Amino acid sequence: MRAGAYVLARVAVTVRAAARWLWWLGIVSAGIGVFVPSLLGRRIGVLAGAVLFILAAVLAFAVHRKRYVRLADAATRAPKSVFLQDRRVTARTWARSRRWWLLAAFVIAIASSAAAPAALGLFLAGLGFGLWAKALWLGRVERSRDQLLWLRPGHDPAAYETTGPVAGDAGPGGSRRRAAAAAR
């Protein structure tokens, strides 16, 4: 056990935050990209984007699933001295620390529409969709173990800690906990 107080953030909330940002940036850049004149034409760009969407969603969902299970198996119980980070704070911190990467991905997705409209935008949206599905999968893992998975932001991402299923303001999978469920 570690001595002293420190902050823990939910694993599923960080995955869900990434999913939300990638989904919306991808949809907006694909929508803008459809109206950009291109070399390949709108139809080819959108069809290529649909294929990239499916491939990105499958890839984002499949990558590191065994790692998440392995880290959940090795997780230690969080001591009572920790502070549990609010889900909004976790999502905001995740986005702020990656804002330049997100902006670069958005600009590149729009700029690539000069060659194939909406293709990279749909790729980003597919990554977001796959990560959202992974957050739901993490919720099933948390429910089956009857514990929530947490990590120390800014520290070793390979050291998970656990709490009971009612800790924090986010339910299994990182979604907002409903008022009726929180009142129990």
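Buried means under 20% relative accessible area, exposed over 50%, and partly exposed in between (1.4 Å probe, protein chains only). The model is predicted, so to say: local features need pLDDT of at least 70, side-chain atom pairs count only at pLDDT 80 or more, and totals for chains, interfaces and linings use all residues. Residues are numbered from 1 along each chain as its sequence is written, and side-chain values use heavy atoms, with hydrogens and water left out.**View 1. Tryptophan 23 and phenylalanine 53 form an aromatic pair.**
The whole structure holds 3 aromatic pairs. Rings of Phe, Tyr and Trp (its six-membered ring) pair if their centres lie within 6.5 Å; planes under 30 degrees apart are stacked, over 60 edge-to-face, and the rest tilted. Tryptophan 23 and phenylalanine 53 meet edge-to-face, 6.3 Å centre to centre, with 70° between the planes. This pair links distant parts of the chain. Tryptophan 23 lies in helix 1 (residues 11–33) and phenylalanine 53 in helix 2 (residues 42–62), 30 residues apart. Helices (H or I, at least four residues) and strands (E, at least two) are DSSP runs, numbered from the N terminus. Both rings belong to partly exposed residues: tryptophan 23 has a relative accessible area of 29%, phenylalanine 53 one of 21%.

**View 2. Phenylalanine 129 and tryptophan 132 pair within helix 6.**
The pair is tilted, with centres 5.9 Å apart and 35° between the planes. The two residues are separated by about one helical turn, because they are 3 residues apart in helix 6 (residues 119–145). Phenylalanine 129 is partly exposed at 38% relative accessible area. Tryptophan 132 is partly exposed too, at 37%. Trp23, Phe53, Phe129 and Trp132 form one aromatic cluster.

**View 3. Two arginines sit over aromatic rings.**
A charge sits over a ring if NZ of Lys or CZ of Arg is within 6 Å of the ring centre and within 35 degrees of the ring normal. The charged end of arginine 10 is placed over the ring of tryptophan 150, 5.6 Å from the ring centre. Arginine 152 places its charged end over tyrosine 6, 4.1 Å from the centre of that ring.

**View 4. An open sheet of 5 strands carries helix 1.**
The strand order is 2-5-4-1-3, and the pairing is mixed. Two strands pair if DSSP finds at least two bridges between them. Strand 2 (76–77) and strand 3 (83–84) are the edge strands, each pairing on one side only. Strand 1 (residues 7–10) runs parallel to strand 3, and 2 bridges join them. Leucine 8 has leucine 84 of strand 3 as its bridge partner. Helix 1 packs on the sheet and touches strand 1, strand 4 (148–151) and strand 5 (160–163). Its direction makes about 55° with that of strand 1. Axes are lines fitted to C-alpha atoms, for helices over the stretch in contact; angles run from 0 to 180 degrees between N-to-C directions.

**View 5. Leucine 149 is a buried residue of strand 4.**
Its relative accessibility is 2%. Contact means heavy atoms within 4.5 Å. Not counting residues up to four places away in sequence, leucine 149 touches Ala9, Arg10, Val11, Ala72, Leu138, Glu142, Tyr160, Glu161 and Thr162. Glycine 139 lies 10 residues from leucine 149 in sequence and 9.5 Å from it in space, C-alpha to C-alpha.

**View 6. The largest nonpolar core has 29 residues.**
A nonpolar core is a set of buried Ala, Val, Leu, Ile, Met, Phe, Trp, Tyr and Cys residues joined through side-chain atoms within 4.5 Å. Val11, Tyr68, Leu131, Leu138 and Tyr160 touch the most other members. At least two residues each come from helix 1, helix 2, helix 3, helix 4 (87–97), helix 5, helix 6 and strand 4. Helix 1 supplies the largest share, 8 residues. Tyrosine 68 is in contact with Val11, Val15, Lys134, Trp137, Leu138 and Tyr160, leaving aside its neighbours within four places in sequence. Another core, of 7 residues, lies apart from the largest one; among its members are Tyr6, Leu8, Ala78 and Trp150.

**View 7. Histidine 64 and alanine 118 have positive phi values.**
Phi of histidine 64 is about 70°, although the residue is not a glycine. Histidine 64 is found in the loop between helix 2 and helix 3 (65–73). Histidine 64 is partly exposed, with a relative accessible area of 47%. Alanine 118, also not a glycine, has a phi near 70°. Alanine 118 belongs to the loop between helix 5 (99–111) and helix 6. Alanine 118 is buried, at 2% relative accessible area.
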